[in-house]
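Here is a friendly briefing to read alongside the sequence and the 3D view. Keep both open as you go through the points.

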Amino acid sequence: SISSAIGVELQWNRKPKGSAELITAVRDGDCDIALLSPNFHRIFEGELAYSMPYIETREAMLIDRGALSGVQSRGEELTAAFKRLTGAVGLVSAALYSKVAERMFPKCQGEEYRSLEEIADAVSRGEIVAAFGTEIELKYALSKRPADADRMVCVVYNNLEVDLRLAVSPQYLEGMRVLNESIA
């Protein structure tokens, strides 16, 4: 892990709720490093200093197979079936996926959750029809629920690479050098 590579003990601070609180926590020194949602650095450019990508993945969704098969006609493209789905879709950060959800699921409402774990559980319980995130995060969430593997599937809906980065306060640029060396 990066924390062991740079010789520091990792302590999680889960107090920040949402993007604005996370930026403030890093700027105020309540968090030294922030783990960011995909493409966070593009949305909040200039707010913090961002590391090089530590992983590249693709955008995806976790979806209930039954809900999908109930609306998809034989041979029909998935995007056409998605437009007929109704219900709720889960978003960890409404800022990142709300526009995608609105475009792909125009008859669904977005519901914001605090974590991908909560979203995966909500799909599993049938409370929402789909969850948005990255392919690696959603496949990991699905792997932790082997009993649900027959009922849920991770669908990559585009091949655009998204990168996950770390952030620090702009005043700690020397720390960024150490982070980037560790990632490399």
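Glu135 counts as buried, because its relative accessibility is 12% and buried means under 20% relative accessible area, with exposed being over 50% and partly exposed in between (1.4 Å probe, protein chains only). This is a predicted model, in which local features need pLDDT of at least 70 and side-chain atom pairs count only at pLDDT 80 or more, while totals for chains, interfaces and linings use all residues. Residues are numbered from 1 along each chain as its sequence is written, and side-chain values use heavy atoms, with hydrogens and water left out.

**Glu135 and helix α8**

- Glu135 belongs to helix α8, which covers residues 135-143; helices (H or I, at least four residues) and strands (E, at least two) are DSSP runs, numbered from the N terminus.
- Leaving out residues up to four places away in sequence, Glu135 touches Thr57, Arg58, Ala60, Cys154 and Val156, where contact means heavy atoms within 4.5 Å.
- Glu135 shares its buried status in α8 with Leu138, Ala141 and Leu142.
- Viewed down the axis of α8, these buried residues fall within an arc of 135°, so they line one face of the helix; the arc is that of the directions from the helix axis to the C-beta atoms.

**The chain as a whole**

- The chain's secondary structure amounts to 9 helices and 8 strands.
- What radius of gyration does the chain have, and what would a compact globule with 184 residues have? The chain has 18 Å, which agrees with the value near 16 Å for such a globule; the radius is taken over C-alpha atoms, and the globule rule is 2.2 Å times the number of residues to the power 0.38.
- Along the principal axes, the C-alpha atoms fill a box of roughly 55 × 30 × 30 Å.
- Of the 184 residues, 43% count as buried.
- If you take the contacts between residues at least 6 apart in sequence, 65% of them join residues at least 24 apart.
- About 10200 Å² of the chain is exposed, and carbon and sulfur atoms supply 50% of that area; accessible areas come from the Shrake-Rupley method with a 1.4 Å probe, and for residues only the protein chains shown count as cover.
- The chain has 21 positive and 27 negative charges, and their mean positions are 5 Å apart. Lys and Arg count as positive and Asp and Glu as negative, leaving out His and the chain ends; each charge is placed at NZ of Lys, CZ of Arg, CG of Asp or CD of Glu.

**Helices α2 and α7**

- Helix α2 spans residues 18-27, and its buried residues are Ser19, Leu22, Ile23, Ala25 and Val26.
- These buried residues cover an arc of only 160° around the axis, which puts them on the same side of α2.
- The partners that the buried residues of α2 pack against are β1 (34-35), α3 (40-43) and β8 (166-168).
- Gly29 follows α2 and has a positive phi, near 85°.
- In helix α7, made of residues 116-125, the buried residues are Leu116, Ile119, Ala120, Ala122, Val123 and Ser124.
- Gly126 follows α7, and its phi is positive too, near 80°.

**Two buried residues to find**

- Val89 sits in strand β4, residues 87-91, and is buried with a relative accessible area of 1%.
- Val89 and Ala101 are 12 residues apart along the chain, with 7.4 Å between their C-alpha atoms.
- Setting aside neighbours within four places in sequence, the contacts of Val89 include Ala101, Phe105, Cys108, Ile128 and Phe132.
- Tyr113 lies in the loop between β5 (108-112) and α7, and is buried with a relative accessible area of 12%.
- From C-alpha to C-alpha, Tyr113 and Leu91 are 6.0 Å apart in space, though 22 residues apart in sequence.
- Apart from residues up to four places away in sequence, Tyr113 touches Gly90, Leu91, Val92, Glu118, Ile119, Ala122, Glu127 and Ile128.

**Two exposed residues to find**

- Is Gly70, in helix α4 (residues 65-71), buried or exposed? Gly70 is exposed, with a relative accessible area of 64%.
- The C-alpha atoms of Gly70 and Leu85 are 9.1 Å apart, and the two residues are 15 residues apart along the chain.
- Asp150 is placed in the loop between α8 and β7 (152-164), and is exposed with a relative accessible area of 68%.
- Asp150 and Arg65 are 85 residues apart along the chain, and their C-alpha atoms are separated by 8.0 Å.
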